[in-house]
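Please take a look at the model below. This report walks through its sheet, its cores, one helix contact and a few individual residues.

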Amino acid sequence: MKKVLIISTSFDQENQLREVYENALSQPNSESSIVFETTSSFGQDIGWWSIQGPDLLILNLPDDPILQGYFFTKLRKDVPPTQPMIVTCSQISSAMMNLSMEFTKLRMLKSPVDGFVLYRTVMDILTDY
C-alpha cells in the first residue's frame, strides 16, 4: 500500500485524486492500493520523514512569498532529498527552480491542476521511483 500525503489548506486535490483513482480502480487489471491523506500541518521533524514518511508528498505551495520561504526552508531542513514530491504552485519562481535542483524526485505542476493530470503524475512518480 502506497501512502500519498497532501499538504494543503483544502481537500480539493485529495477529492480530485480520489475521484480519478476510484474510477481507475473500476477498470480491468487495476491492482494498485493508494491511501490519500491531507493535512495543513507541515511541522513533521526529520525523524518522522525518515521513519514513517509517505511514499509521495504533494505540496500545494502558497502564493505568499513569505510562506513560500518557510516551506522552502522546512523542505531543505527536514525532508530527505530523495523524498518523491509533487509541488503545485501558481507560478514557478527562481527559488522553486533552485529547490528542484536539491531534490532528486521532484515534479512541479503549475496550478490549477485537474484531477487527471495530478493522478497521472502521482502514478508516474510512484511507478518510476
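Helices (H or I, at least four residues) and strands (E, at least two) are DSSP runs, numbered from the N terminus. With that naming, K74 lies in helix α3, and we will come back to this lysine later. First, a word on the source: this is a predicted model, where local features need pLDDT of at least 70 and side-chain atom pairs count only at pLDDT 80 or more, while totals for chains, interfaces and linings use all residues. Residues are numbered from 1 along each chain as its sequence is written, and side-chain values use heavy atoms, with hydrogens and water left out.

## The sheet

Let's start with the strands. Two strands pair if DSSP finds at least two bridges between them. In general, strands of a sheet pair through backbone hydrogen bonds, either parallel or antiparallel. Here five strands form an open sheet in the order β2-β1-β3-β4-β5, and the pairing is parallel. Which strands sit at the edges? They are β2 (34–39) and β5 (106–110), each of which pairs on one side only. On average, neighbouring strands are turned by 15° against each other, direction ignored; axes are lines fitted to C-alpha atoms, for helices over the stretch in contact, and angles run from 0 to 180 degrees between N-to-C directions.

The table gathers bridge partners in the sheet.

| Residue | Bridge partner | Strand of the partner |
|---|---|---|
| I7 | L59 | β3 |
| L59 | V87 | β4 |
| N60 | T88 | β4 |
| T88 | L109 | β5 |

Four bridges link β1 with β3 in the parallel sense, and four bridges also join β3 to β4, again running parallel. Between β4 and β5 there are five bridges, in the parallel sense.

How well covered are these strands? A residue is buried under 20% relative accessible area, exposed over 50% and partly exposed in between (1.4 Å probe, protein chains only). In β3, four of the five residues are buried, so this strand is largely enclosed by the rest of the structure. For β4, five of its five residues are buried. M85, V87 and C89 point one way from β4, whereas I86 and T88 point the other way.

I7 is a good residue to zoom in on. It has its place in strand β1 and counts as buried, at 2% relative accessibility. Contact means heavy atoms within 4.5 Å. Leaving aside neighbours within four places in sequence, I7 is in contact with T39, S41, F42, L57, I58, L59, N60 and F71. The C-alpha atoms of I7 and T38 are separated by 5.8 Å, although these residues are 31 apart along the chain.

## The cores

A nonpolar core is a set of buried Ala, Val, Leu, Ile, Met, Phe, Trp, Tyr and Cys residues joined through side-chain atoms within 4.5 Å. The largest such core has 19 residues, and L61, L75 and M85 touch the most other members. Two or more residues of this core come from each of β1 (2–7), α2 (46–52), β3 (56–60), α3 (65–78), β4 (85–89) and α4 (94–100). A second, separate core of 18 residues includes V20, I58, Y119 and I125. Back in the largest core, what does L75 touch beyond its neighbours within four places in sequence? Its contacts are F42, L57, L59, M85, L99 and F103.

## A helix contact

Helix α1 (residues 12–25) packs against helix α5 (residues 115–128) at an angle of about 75°, with the axes 8 Å apart. Since 65 to 115 degrees counts as roughly perpendicular, that makes α1 roughly perpendicular to α5. On the α1 side the contact is made by Q13, Q16, L17, V20, Y21 and A24, and on the α5 side by G115, F116, L118, Y119 and V122.

## K74, D45 and a cis bond

Is K74 buried or exposed? At 10% relative accessibility, K74 counts as buried. Not counting residues up to four places away in sequence, K74 touches F42, G43, Q44, D45 and V79.

D45 has its place in the loop between β2 and α2 and is partly exposed, with a relative accessible area of 47%. Beyond its neighbours within four places in sequence, D45 is in contact with K74 and D78. The C-alpha atoms of D45 and Q13 are separated by 24 Å, with their positions 32 residues apart along the chain.

Finally, most residues other than glycine have a negative phi, and most peptide bonds are trans. A cis peptide bond joins S111 and P112, with omega of about 10°. P112 has its place in the loop between β5 and α5.

Methods. Parallel < 35°, antiparallel > 145°, perpendicular 65-115°, else oblique.
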